[in-house]
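Me: Please take a close look at a single part of this model, the salt bridges and the residues that form them. I would like a careful, connected account of how the partners are placed and how accessible they are.

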Amino acid sequence: AYEEAASTGTLPPAALCSWAQCDLDLGLYAEAAEKCDDVLACDDCSAELTRMASYIEAEALLSIARTDIQGGKNGSCRLHLVKAITRLEGLRPQNSTYCEIKLLGDLYSFGEALPPYVFDQMSSSEGDEQDADSSLPVEVEDKLSFIRKGEEAYAQALELVAKIDDEEEDKLFLLAATGTDLGINLLSQARTIAVALGDGSGGVAKTTIVDLTAESDRVKGLILRSINAFSQAIDHSPNDAGAWCGLGSALIFVDPLLSQHAFCRALQIDKSIAEPLSSIALLYADYDKTEKSAEILDALTQLEDTPLMWIGRGLLLEKTSRAWHDSPASREGCLTRASDAYRASLQIMQHPAALLGLSLTCRRADADVQTSNDQLYSSLADHSSKVESRISMTLHQSSTGGGNIGASLIDGLFRIEEG
């Protein structure tokens, strides 16, 4: 109907706004953002329409940014986030609504998905310099400064909700939802610092986030504040599955048993969400409960195709390969299947863990290829596996900033090999 009306002449700003909202609901995000740009470019656009168009465009740009990050388009993702933030911050802050402030927090919080180098040219504000850590690169501090603005937005949103009359039935729901978002933001800051300090590097070095929580006051403080935010959200809405799932994600670094309880509680409330199952499966894998982890991943297969499901399968196959001491062919077969699992994960999203797993497993050539009589094919297969491994490692280092010590060492070996 809107297209037919537009074919007869220029639509007024109000009609364009309504059309943009319709496109947004249909998942036509680029079209929605373009129509909002047209509305905001109108000279006779009222303040109310300007606010509405800015909000719709910011929602559309956030959705586009999510698509960008899945395809590894980090620069494009940052541009869309910055444009959306500019739209919302350009409105009069004294008249900002809860939805606008919460969306602003979502935009800043999404910065965790971007690699540190994207923030290299962004300067931290003076208020953030007192929290700066000299052991962290400047671009990591800039990334933290960006995410921290989301924390400030959620805190402002909580203040707005607190002013609502207690008789309003949506008040507790809004408090729980905003508290959950705040907890996720704090957890994102902790993970960003932990990755920069070497989380997941492996070896004998104490570089897991659990160790870093004990040794870094900054990480520990963020984890505890995150747990507190999730706990308050649960107090407001005890049957909020998202809050329980967030609490489990934060408790992993403090008490894995309580974390498992929180994930199970989330599943009791809502069996359709995949995050608790993925997290429980990875917990079991960490403690070498391979059969239980595999069982949960099988159940997750019936629910949703997620990157963590395939990453979990890759990790389990790597663990299984260690048991085949007397059968090199079986061991290599497990590693080949592990690399296939990591490839499947990367088809969904460019997850750093999948990139690292693929880089470390894809060079383990299949036994049939190694014994092939076709020397040319064997040579080409070996070369292509080396190229795939090198590219995956380069993308991993680019997306994480090189904080993983083990990955950085292997990256150095690749450079020596190329030299």
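Reply: Lys-83 is a reasonable place to begin, since in this predicted model it counts as partly exposed, at 33% relative accessibility. Its salt-bridge partner is Asp-37, with the closest N and O atoms 3.1 Å apart, and this pair links distant parts of the chain, for Lys-83 sits in helix α5 (residues 74-89) and Asp-37 in helix α3, 46 residues apart. Asp-37 is likewise partly exposed, its relative accessible area being 24%, which lies between the limits of 20% for buried and 50% for exposed.

Helix α5 also holds Arg-87, and the partner of that residue lies in helix α4 (residues 47-70), where Glu-57 is found, 30 residues away in the chain. Between Glu-57 and Arg-87 the closest N and O atoms are 2.9 Å apart, and the two form a salt bridge. The accessibilities of the two partners fall into separate classes, because Glu-57 is buried with a relative accessible area of 0%, whereas Arg-87 is partly exposed with a value of 28%. Taken together, Asp-37, Glu-57, Lys-83 and Arg-87 belong to one network, joined by salt bridges that share partners.

Helix α3 takes part in a further pairing, in which Lys-35 forms a salt bridge with Asp-23, the closest N and O atoms being 2.8 Å apart. Lys-35 lies in helix α3 (residues 29-40) and Asp-23 in helix α2 (residues 13-25), so this salt bridge ties together parts that are twelve residues apart in sequence. In this pair Lys-35 is buried, with a relative accessible area of 12%, and Asp-23 is buried as well, with a relative accessible area of 5%; both values are under the 20% limit for that class. As general background, side chains of opposite charge can pair when their charged atoms come close. For the model as a whole, the count comes to 18 salt bridges, among them the pairs of Lys-35 with Asp-23, Lys-83 with Asp-37 and Glu-57 with Arg-87.

How values were computed: Residues numbered from 1 in each chain as written. Predicted model: local features only at pLDDT ≥ 70, side-chain atom pairs only at ≥ 80, totals over all residues. Heavy atoms only, no water. Salt bridge = Lys/Arg side-chain N within 4 Å of Asp/Glu carboxyl O. Helix = DSSP H or I, 4+ residues; strand = E, 2+ residues; numbered from the N terminus. Buried < 20%, exposed > 50% of the residue type's maximum accessible area, 1.4 Å probe, protein only.
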